[in-house]
Amino acid sequence: MGRNSLVVVHGQAHERLRSFVSNSINRPDALQLIAACVQPRLVSALHSWAQLGKFKAYKEIKKLTLQNIGKLFASLEPGPILDSLDKLYDGMLKGIRAYPLNFPGTASHHAIQCRKKLEAIFRVELEKKKKEEEQSNRVGTTNDLMDGLMQMIDEEGNQLSDQEVLDNIISLIIGGYESTTLASMWAIYYLAKYPDVLGKLREENLAMWKKKKGDFITIEDVSELKYTNKVVEETIRSANVSGFIFRLVTKEVEYKGYRIPKNWKVIIWLRYLHTNTENFEDPLCFNPERWNVPARPGTYLVFGGGPRICAGNMLARMQLAILLHHLSVGYKWELLNPDAKMIYLPNPAPADGAEIAFSKI
Ligand code: HEM
């Protein structure tokens with residue numbers, strides 16, 4: 001991930017970086033800009049999906065997510081650089097949970113090589129930005145996440161180093177790319193399986209669309225879409241994009257009659273929490289109405305918890321809501337293999353990549 005990445009550093013260094021990163025991607029003013037930036041690309045992708053007619057939802061959403069991330073994070077437009085990022089991230093993802101053997105031929109070695117190439121690509125972008133700033137004599141020329149990280153100043157007046165900027169750009173893409181892709185694919189999958197839910201979603205979003213006279217929606221509009229936000233929550237609960245989180249035991253604890261010694265590592269099995277009948281009634285049913293009442297504390301940890309809670313949780317929710325808005329007002333779709341087998345590694349997904357027939361309403 002990189003020595004300076006948010007997911008790796010601890011204590012004060014973590015707190016400092018977290019506030020940098022949250023300010024850039026997860027706070028209302030940042031989300032407002034992101035909402036405006038992602039919608040043109042989303043609308044044109046949906047239009048091209050309708051022309052394709054039949055496709056694997058996972059594959060097309062992945063392309064769209066990378067285009068949005070490329071633009072938001074480093075002002076990259078579709079082209080050879082984005083194509084190589086896709087391959088390099090794929091290689092990195094496959095090695096992250098592999099056995100850490102670092103010699104040619106292993107997944108871990110390949111991931112490390114991909115990581116080096118990614119860093120080289122983003123370093124070129126960073127140097128380009130610095131040059132542009134120098135030539136134009138102004139700070140921040142593009143307003144993307146890399147610019148945001150380069151400009152941020154902490155309470156003591158310090159800025160992030162180049163290496164901190166690079167490590168965090170790389171690990172934030174790892175955090176946001178596959179997770180957003182999978183959650184979006186599951187939204188499409190569940191809505192195809194639950195037409196009543198899609199009907200209600202469509203009703204709410206058509207009303208919003210008429211109110212906006214077809215204009216793009218803002219984060220204020222998203223917060224008004226009460227039913228849509230329940231669909232977002234139910235999608236994230238059911239999708240279980242992050243199956244588990246790790247914690248190191250820093251102080252001996254007793255839990256349900258077991259003694260867990262200091263320095264042990266504990267896995268919190270999130271998928272179990274979200275599919276446990278003690279926590280959610282009929283947990284395998286996709287039922288947004290269950291969110292009329294908030295989940296009991298400790299039973300719903302899709303984004304983890306405490307100081308390490310997902311740094312992109314609001315961004316992920318907002319992106320899903322925006323996707324649901326545009327999908328539901330303009331398009332219809334059905335699963336080509338509604339009984340497709342499920343795979344569970346590296347993440348739960350239908351084995352056919354959620355192949356759908358897709359058209360304009
Ligand atoms: C549906 C989508 C997503 C899910 C389910 C998800 C889930 C998670 C989970 C479970 C964690 C671990 C939290 C913990 O240990 O307590 C995490 C951490 C993190 N996520 Fe996400 N995530 C999603 C989207 C995103 C996005 C869009 C970004 C940014 C672009 C992002 C960036 C991060 C980062 C940087 C961390 C590490 C935070 C830290 O260590 O302080 N995630 N995420």
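In this predicted model, 48% of the 361 residues of the protein count as buried. The overall dimensions fit with that picture of a folded globule: a compact globule with 361 residues would have a radius of gyration near 21 Å, and the protein comes in at 21 Å, so the two agree. Along its principal axes, the C-alpha trace covers about 60 × 50 × 45 Å. As for what the chain is built from, the secondary structure adds up to twelve helices and nine strands. Plenty of the contacts link distant parts of the sequence: taking contacts with a separation of 6 or more, 68% are between residues 24 or more positions apart.

Now for the inside. Nonpolar side chains tend to be buried together in soluble globular proteins. Here, the largest nonpolar core holds 94 residues, and those with the most contacts inside it are Trp49, Tyr89, Phe122, Trp333 and Phe358. Helix α7 supplies the largest share of this core, with 17 residues. Tyr89 gives a good look at the packing: leaving aside residues up to four places away in sequence, Tyr89 touches Leu118, Phe122, Ile169, Ile170, Ile173, Ile174 and Tyr177. Phe122, one of these partners, is itself among the core residues with the most contacts.

Next comes the ligand. It is surrounded by 26 residues, and the closest of them are His14, Arg18, Arg247, Arg308 and Cys310. Several polar side chains come up against ligand oxygen atoms. For His14, a polar side-chain atom sits 2.7 Å from an oxygen atom of the ligand. With Arg18, an N or O atom of the side chain is 2.8 Å from a ligand oxygen, while a polar side-chain atom of Arg308 lies 2.9 Å from an oxygen atom of the ligand. The elements giving two or more residues to the shell are α1 (11-25), α7 (162-193), β2 (244-248) and α12 (313-330). Helix α7 turns up again here, providing the largest share of the shell with six residues. Sorted by class, the shell is made up of 14 nonpolar, nine polar and three charged residues.

Helix α12, one of the elements that contribute to the shell, also carries His325. Is His325 buried or exposed? With a relative accessible area of 0%, His325 falls under the 20% cut-off and therefore counts as buried. Its neighbours, not counting residues up to four places away in sequence, are Asn205, Met208, Trp209 and Ile217.

Definitions and conventions:
Residues numbered from 1 in each chain as written. Predicted model: local features only at pLDDT ≥ 70, side-chain atom pairs only at ≥ 80, totals over all residues. Heavy atoms only, no water. Near = heavy atom within 4 Å. Polar contact = N/O pair within 3.5 Å; in protein donor to acceptor, adjacent residues only side chain to side chain. Helix = DSSP H or I, 4+ residues; strand = E, 2+ residues; numbered from the N terminus. Nonpolar A, V, L, I, M, F, W, Y, C, P; charged D, E, K, R; others polar. Core = buried A, V, L, I, M, F, W, Y, C linked by side-chain atoms within 4.5 Å. Buried < 20%, exposed > 50% of the residue type's maximum accessible area, 1.4 Å probe, protein only. Contact = heavy atoms within 4.5 Å. Rg over C-alpha atoms; globule rule 2.2 N^0.38 Å.
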